[in-house]
Amino acid sequence: GELWKQYIMMARRARHEGSFPFHAQEFVLQALIPKKKWRDLSMSCVASSQNYLGIHVRMELDMLGHACGKTMEHNATRLFHHVNQFLSLHNDNHNISIDAISIATSRKDMEINAGHSYHQFKAFIDENLNTLNHYTRSNEIHICGGRQVSIFECGEVLVHRYLKQHPEENAIK
């Protein structure tokens, strides 16, 4: 949402002026590193030692209409455009070398097709599912940030499998 827009503006300014204000870039990049349990889960999806970017898309039907989702990006096509911009900015600096993008979402909750909210957000839902399918089910290598990356879905089924194998994680609030 708004924070992402500000980050992109600072990154563009930094390209022209040569530095990020308040060394914010290092803090933002550090904040983007998920907790170890989520890195482990994503690595189980990747099944190798690739460098990946994990994205938790909040495009489930209940999130589209929820008050906390008002400032979130609701359009998967635009979200992938933002990711492409982000990786383009950082690939130029050779600071980040992303080989894969892990998409965390609840596909089951994205595919709900009944009720008032569904009719209200139908256009978003249809486009988001088409976009998600294009990137995660096409078995293609995609160009993102000027580099070839594989994009895969690491959703509910894998989370449940991971939590079953690591019951101690399920107890953490």
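This passage walks through the sheet, the nonpolar cores, the aromatic pair and the salt bridges of a predicted model.

The sheet is a good place to begin. Four strands make up an open sheet in the order S1-S2-S4-S3, and their pairing is mixed. Strands S1 and S3, the latter spanning residues 142–144, occupy the edges; each has a single partner strand, so one side of each is left without a neighbour in the sheet. From one strand to the next, the twist averages 40 degrees. Helix H7, which covers residues 116–136, packs on this sheet and touches S2, S3 and S4. The direction of H7 makes about 120 degrees with that of S4.

Strand S2, running from residue 100 to residue 104, deserves a slower look. On one flank, S2 pairs with S1 (residues 52–56) in the parallel sense, with five bridges between them. In this pairing, histidine 56 stands opposite alanine 104 of S2. Strand S4 (residues 147–153) also runs parallel to S2, and the two are joined by four bridges. Here isoleucine 101 stands opposite isoleucine 151 of S4. S2 is mostly covered, as four of its five residues are buried.

The nonpolar interior comes next. In soluble globular proteins, nonpolar side chains tend to be buried together. In this model, the largest nonpolar core holds 30 residues, and the members that touch the most others are Leu53, Ile55, Val83, Leu87, Ile101, Ile103 and Ile125. Two or more residues come from each of helix H1 (2–17), S1, helix H4 (61–64), H5, S2, H7 and S4. Helix H5 gives the most to this core, contributing seven residues. For a closer view of one member, isoleucine 125 is in contact with Leu61, Leu64, Met110, Ile112 and Tyr118, leaving aside its neighbours within four places in sequence. A second core, separate from the one above, has five residues, among them Tyr52, Ala100, Phe152 and Cys154.

Helices H5 and H7 also meet through their aromatic rings. The structure holds one aromatic pair, formed by phenylalanine 80 and tyrosine 135. The two rings are stacked, with 4.0 Å from centre to centre and 20 degrees between the planes. This pair links distant parts of the chain, with phenylalanine 80 in H5 (residues 76–93), tyrosine 135 in H7, and the two positions 55 residues apart. The partners fall into separate accessibility classes: phenylalanine 80 has 6% relative accessibility and so counts as buried, whereas tyrosine 135 has 22% and counts as partly exposed. The reason is the cut-off, since buried means under 20% relative accessible area.

Charged side chains complete the picture. There are six salt bridges in the structure. One of them joins glutamate 60 to arginine 58, with an N to O distance of 3.4 Å. Within this pair, glutamate 60 is buried at 4% relative accessibility, while arginine 58 is partly exposed at 30%.

Arginine 107 takes part in a network of salt bridges that links it with Glu111 and Glu153. The closest N and O atoms of arginine 107 and glutamate 111 are 3.6 Å apart; for arginine 107 and glutamate 153, the corresponding distance is 2.7 Å. Glutamate 153 lies in strand S4 and arginine 107 in helix H6 (residues 107–110), so this pair ties together parts of the chain that are 46 residues apart in sequence. Arginine 107 itself is buried, its relative accessible area being 8%. Its partner glutamate 111, by contrast, is partly exposed at 42% relative accessibility.

Key:
Residues numbered from 1 in each chain as written. Predicted model: local features only at pLDDT ≥ 70, side-chain atom pairs only at ≥ 80, totals over all residues. Heavy atoms only, no water. Buried < 20%, exposed > 50% of the residue type's maximum accessible area, 1.4 Å probe, protein only. Pairing = 2+ DSSP bridges. Axes fitted to C-alpha atoms, helices over the stretch in contact; angles between N-to-C directions. Contact = heavy atoms within 4.5 Å. Phe/Tyr/Trp six-rings, centres within 6.5 Å; stacked < 30°, edge-to-face > 60°. Salt bridge = Lys/Arg side-chain N within 4 Å of Asp/Glu carboxyl O. Core = buried A, V, L, I, M, F, W, Y, C linked by side-chain atoms within 4.5 Å.
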